[in-house]
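Subject: Handover of the structure and notes on it

Dear colleague,

I am passing the structure on to you with this message, and my notes on side-chain contacts and enclosed space follow it.

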Amino acid sequence: MRTVLVVGGYGAVGATVTRSLAGWSPGRVVCAGRDLARARALADEAGAAAARVDVTDVAGFERLLTEQDVGVVVLCVEPPDGALARACLSNGVHLVDVGASYHLLALTEELTETALAAGTTAVLSVGLAPGLTNVLAGRACRDLGGADRIDVTVLLGAGERHGADALRWTLTQLVAPRQRAPRGAARMFLPGYGYRTVHPFPFSDQYTLRRTLGVADVTTRLCLDSRVLTTLLFGLRRTGLLRLASRPDALRALTAAAGKVHFGSEGFAISAEAVHNGHQVAYALTGSAQGHVTGLVAAHVAHTLLGRGLPPGVHHLDELTAFAGLPERLGLRVLTRTAP
């Protein structure tokens, strides 16, 4: 009866993971983070245990794995490098990574042989985007028997109270020097929102799907439910003014300010469109509270690892058939659109 360690278990995403797993597997969940008081408060509410952990202290992390007899780790915060992933996979502990930074996911991908030798499993791209976006892209690609290109679109609600880590990550991508995308801004249809102008944004899907689906042309784009904020943000990025906020102190101030702006709804929409030999298939879904849905996806994956398990190795969510129907299991309505 090994336990699940939820790192960042009291954050915007982690709290959903902790509460869900504690309900499904009582007595087997440890809520952990740098702030032990916050971990204990959430753990007491959810019926879980609590522990202090710092993702920069690998030795302390490994001690905690042994002390708590951990079988599965859910990373709801991004570590500085791949050391924590290696500590898990080499010590017989499965890993669920909610992170969205491709350079960190790539470090875990390099641990495939380590995971296979230890019989452990790492599941990456776990959440809404990346995560359910990958699953929808996989469906579209399979429907067509392959794809010449894939377009992934994400609309986020500007009214949702996103966690500080999520805001910081998003702003970091906005203020970073722009990399050339396969294609630029586009008009995309999103159920419930109509046609929206969406802008290239470096979600990790655009890198991982090229490998997992064998599609060379993948573009990921973003917009907010507020047209005004979307125009403002990407207008500032286009002029280069956002780069002035790339300094650590300026980024902290911008993150704090963004956390106080709630101009919009909590709704979200995602779409994955595949094109092959002139035929087109798009899958889309809408919902509310992106952070909560991300937490539910991570909780389902961790619960599966805690129970019957998954094939050893390092996998992205769309590579595991066990989660092909996950959107429907979460109660999300998936819409399909085709064109000859």
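Arg19 has a relative accessibility of 39% and therefore counts as partly exposed, whereas Glu45, at 52%, counts as exposed. Please bear in mind that this is a predicted model. The side chains of these two residues, Arg19 and Glu45, meet in a salt bridge with an N to O distance of 2.7 Å, and the pair links distant parts of the chain, since Arg19 belongs to helix H1 (residues 14-24) and Glu45 to helix H2 (residues 36-46), 26 residues apart.

A search of the whole structure finds 8 salt bridges, of which two others deserve a description here. Arg211 pairs with Glu319, the closest N and O atoms being 3.8 Å apart; Arg211 lies in helix H9 and Glu319 in the loop between strand S13 (313-316) and helix H13 (326-329), a separation of 108 residues along the chain. Both are partly exposed, Arg211 at 47% relative accessibility and Glu319 at 33%. Arg337 forms a salt bridge with Glu273 at 3.6 Å between the closest N and O atoms, joining strand S14 (residues 334-339) to strand S11 (residues 267-276) across 64 residues. Here Arg337 is partly exposed at 29%, while Glu273, at 8%, falls under the 20% cut-off and so counts as buried. Salt bridges that share partners also join Glu109, Arg211 and Glu319 into one network.

Turning to the rings, the search finds 3 aromatic pairs. The ring centres of Tyr102 and Tyr207 are 4.9 Å apart with the planes at 25°, so this pair is stacked; Tyr102 sits in helix H5 and Tyr207 in helix H9 (residues 205-212), 105 residues apart. Tyr102 is partly exposed at 30% relative accessible area, and Tyr207 is partly exposed at 24%. Phe201 and Phe203 have their ring centres 4.9 Å apart and their planes at 55°, so the pair is tilted, and Phe201 counts as buried at 2%, as does Phe203 at 5%. In addition, Arg139 lies over the face of Tyr283, at 5.9 Å from the ring centre.

As for enclosed space, there are 2 cavities of 30 Å³ or more, and the largest holds about 70 Å³. Its lining comprises 13 residues, with Leu75, Pro79, Asp97, Leu104 and Thr108 nearest the centre; by class, 6 are nonpolar, 4 polar and 3 charged. Helix H5 (residues 102-109) gives the most to this lining, with 3 residues.

With best regards

Methods. Residues numbered from 1 in each chain as written. Predicted model: local features only at pLDDT ≥ 70, side-chain atom pairs only at ≥ 80, totals over all residues. Heavy atoms only, no water. 1 Å grid on protein atoms, 1.4 Å probe; cavity = no way out; pocket = protein on both sides within 12 Å on 5 of 7 lines; lining within 4 Å. Points joined across faces, edges and corners; volume = space filled by probe spheres on them. Helix = DSSP H or I, 4+ residues; strand = E, 2+ residues; numbered from the N terminus. Nonpolar A, V, L, I, M, F, W, Y, C, P; charged D, E, K, R; others polar. Phe/Tyr/Trp six-rings, centres within 6.5 Å; stacked < 30°, edge-to-face > 60°. Buried < 20%, exposed > 50% of the residue type's maximum accessible area, 1.4 Å probe, protein only. Lys NZ or Arg CZ within 6 Å of the ring centre and 35° of its normal. Salt bridge = Lys/Arg side-chain N within 4 Å of Asp/Glu carboxyl O.
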